[in-house]
Amino acid sequence: MVFGRSERRRKQDAPDPVTLKILVAGGFGVGKTTLVGAVSEIKPLRTEERLTEAGRPVDDLAGVEGKRTTTVAMDFGRITLREDLVLYLFGTPGQDRFWFLWDELARGALGSVVLADTRRLEDSFAAIDYFERRGIPFMVAVNCFDGAERYPAETVRDALDLDPEVPVMLCDAREKDSAKDVLIAVVEHAMHISARRREPALP
């Protein structure tokens, strides 16, 4: 009985964990919903709708012809990295017609993962430009699709014309451990950038 009360007291006295907001962005069909679902410790919130004939003129399915649904607002998930650190994940919609939602989703975000597909690297440019213009720290995670050509991270960096400080890594958005490694990397990168910005300027 004493042990039980002691345990309850310790849990009650434990400080609330730090919560951080991370965006998962990228082009249409690049694996954002898959990554959030792979790591989320809660049932992820998804706002997927079926692709329709009416959307064909505006939805570019080149390279993702088998895709049947699309995110129309956001994906949401949560992962506890440590007892004192929780990430809230917000997956952005990939199509141009839903870009008006990005500003609201980006509000208060520590950083972002830009997922890329080597078969359609150009689909990553818009997301990269978005975060560069707004000064939001980001990294690029190349989702290694089955049958897609594999390239070294530095080759992808050159193709996307990224600054040397932007991390680039390969991942499999379907695999929990791989997706978790990506999230750890973006948190470390974003916190490093944040700390550097707080440093006083030299006279």
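I began with Leu20 and looked up what it faces in strand β4: Leu20 stands opposite Leu87. I note at the outset that this is a predicted model, and I read each entry below with that in mind.

I then widened the view to the two strands involved, and found that β1 and strand β4, which covers residues 85-91, pair in the parallel sense over 7 bridges. Turning to β1 itself, I noted that the strand spans residues 18-26 and is mostly covered, with 7 of its 9 residues buried.

Next I asked which other strand β1 is joined to by 5 bridges. The partner is strand β5, residues 111-116, and here too I recorded that β1 and β5 run parallel. As a point to find by eye in this pairing, I marked Leu23, which stands opposite Ser112 in β5.

From β5 I followed the bridges onward to β6, and again counted 5 bridges between strands that run parallel. The pair I wrote down for this step is Val114, which stands opposite Val140 in β6. I also traced the chain between these strands, and found that β5, helix α4 (residues 125-134) and β6 make a right-handed β-α-β unit.

Strand β6 deserved an entry of its own, and my question was how many of its residues, 138-143, are buried. The answer is 6 of 6, so I describe the strand as mostly covered, taking buried to mean under 20% relative accessible area. When I looked at the two faces of β6 separately, I found Phe138, Val140 and Val142 buried on one side, while Met139, Ala141 and Asn143 are buried on the other.

Continuing from β6, I looked up strand β7, residues 168-171, and noted that 4 bridges join β6 to β7, with the strands running parallel. Within this pairing, the bridge partner of Ala141 is Met169 in β7; Ala141 is also among the buried residues I had listed for β6. The connection here is again a right-handed β-α-β unit, made by β6, helix α5 (residues 153-160) and β7.

My last entry leaves the strands for Thr33, which I located in helix α2, residues 32-39. I wanted to know whether to call Thr33 buried or exposed. Its relative accessibility is 14%, and because buried means under 20%, Thr33 counts as buried. I then checked what the side chain of Thr33 touches, and found a polar contact of 2.6 Å that joins it to the side chain of Asp75.

Conventions:
Residues are numbered from 1 along each chain as its sequence is written. This is a predicted model: local features need pLDDT of at least 70, side-chain atom pairs count only at pLDDT 80 or more; totals for chains, interfaces and linings use all residues. Side-chain values use heavy atoms; hydrogens and water are left out. Buried means under 20% relative accessible area, exposed over 50%, partly exposed in between (1.4 Å probe, protein chains only). Two strands pair if DSSP finds at least two bridges between them. A polar contact is a pair of N or O atoms within 3.5 Å; within protein, one must be able to donate a hydrogen and the other to accept it, and residues adjacent in sequence count only if both atoms are side-chain atoms. A crossover is right-handed if, with the strands pointing away from the viewer, the path from the first strand over the helix to the second runs clockwise.
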